Amino acid sequence: MNNVLRLIDKLEKEHSLTVQEYEELIEWRDDEAAKILAQKADSVRKGIYSNKVYVRGLIEVSNICKNNCLYCGIRSGNKSCERYRLTKEDILECCEAGYRIGFRTFVMQGGEDPYFTDEVLSDIITEIKKRYPDAAVTLSLGERSYESYRILKEAGADRYLLRHETANEMHYGKLHPKEMSYSNRMNCLRNLREIGFQVGCGFMVGSPYQEESYIANDLKFIEEFKPDMCGIGPFIPHKDTPFRDEKAGDPSFTCYLLSIIRLIHPPILLPATTALGSISGDGRERGIMAGANVIMPNLSPQNVRRKYELYNNKLYSGDEAAEALESLKKKMLSIGYEISTERGDIKK
Ligand code: SAM
């Protein structure tokens, strides 16, 4: 048996490899290894979640951000970005429309907009939970203090997505301005876990300066941290950022990593991300077949969708739109999966 097949076997049995072994698994990848990994990941996922694909309604609450991450289209330094912020009423309307279609998770994502204080957010979260007690509320609003996360949890939020972006400190420094730090990012993740959130981390595939050895460290971090969720998608350049001329990440490699992550932590909730769908016409389907089990259609009001432009050509219509859930259902059925509107918590 060749080395890669031996590593895939070991990963399937032990859910763990050394950093060196992860690096080999990445370095020696080929089509055959990708196929075998995807088959194993798919069968492991089906053993836990059957063929269900959970949907989350994504509400992009604000593209105002105090941070200046070098890769991101809504960075504070991008003066061409047309800024917006949703009101409490807007957000509740999104939830109402989403609930009617069947969504039982609402994800509030946005830039680090100082308007969204603990008080403002608690009020919105409390109201969503009052109106829809059977729905989960997920937040993805960046770095906040321990106390702030605690207040938001107390208000009723269930899950928090905060990609670690890279598990290599030096690499983190090349992607972010000097005011941001790797240690604070990692600290936030630990705090969220301690407070009792279901926590999601994640990273971009093919971000500038990324090396394969760094991805091996990302995988080791995921193995050790055991997040409840993990968002990984290809890096895609945005025309108004310093990384405008950088190459986009590879969708096939992204799928390869999705399969590995499924085998590392079998019950993980793993989205086939918008970035994967944006870069490749059938990216979403390929992600699901590689072991992902979550899709996050856009529930934001139609008139703001194009403004939440993290990267060039981000999908915001077609199957990306929540209204097109029916079409998404058909697409998933055609590849043997079933869209589930359950709340979809992690099965531990
Ligand atoms: N502000 C929050 C935070 O920092 O977690 C949430 C919003 S942030 C825009 C969500 C994620 O988008 C980031 O964690 C990053 O990985 C991803 N993202 C930003 N720019 C991207 C790009 N150019 N290509 C792919 N993904 C990108």
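Start by selecting Glu 165 and the ligand: a polar side-chain atom of Glu 165 lies 2.5 Å from a ligand oxygen atom. That makes a polar contact, meaning a pair of N or O atoms within 3.5 Å. You are looking at a predicted model, in which local features need pLDDT of at least 70, side-chain atom pairs count only at pLDDT 80 or more, and totals for chains, interfaces and linings use all residues. Residues are numbered from 1 along each chain as its sequence is written, and side-chain values use heavy atoms, with hydrogens and water left out.

Next, add Arg 163, where an N or O atom of the side chain is 3.0 Å from an oxygen atom of the ligand. Then pick Leu 310: here a polar backbone atom is 3.4 Å from a nitrogen atom of the ligand. The protein covers 92% of the 560 Å² of accessible area that the ligand has on its own (Shrake-Rupley method, 1.4 Å probe).

Now widen the selection to the residues around the ligand (a heavy atom within 4 Å). How many residues surround the ligand? There are 17, and the closest are Tyr 71, Gly 110, Arg 163, Glu 165 and Ile 236. By class, this shell has 10 nonpolar, 4 polar and 3 charged residues; Gly counts as polar and Tyr as nonpolar.

For a change of scene, move to the sheet. Its 3 strands (DSSP runs of E, at least two residues) form an open sheet in the order 8-1-9, with parallel pairing. Strand 8 (294–295) and strand 9 (338–340) are the edges, each pairing on one side only. Two strands pair if DSSP finds at least two bridges between them.

Select strand 1 (residues 52–55), which 3 bridges join to strand 9. Try Lys 52, whose bridge partner in strand 9 is Glu 338, then Tyr 54, whose partner there is Ser 340. Turning to strand 8, you will find 2 bridges with strand 1; Ile 295 is the bridge partner of Val 55.

Conventions:
Polar contact = N/O pair within 3.5 Å; in protein donor to acceptor, adjacent residues only side chain to side chain. Helix = DSSP H or I, 4+ residues; strand = E, 2+ residues; numbered from the N terminus.
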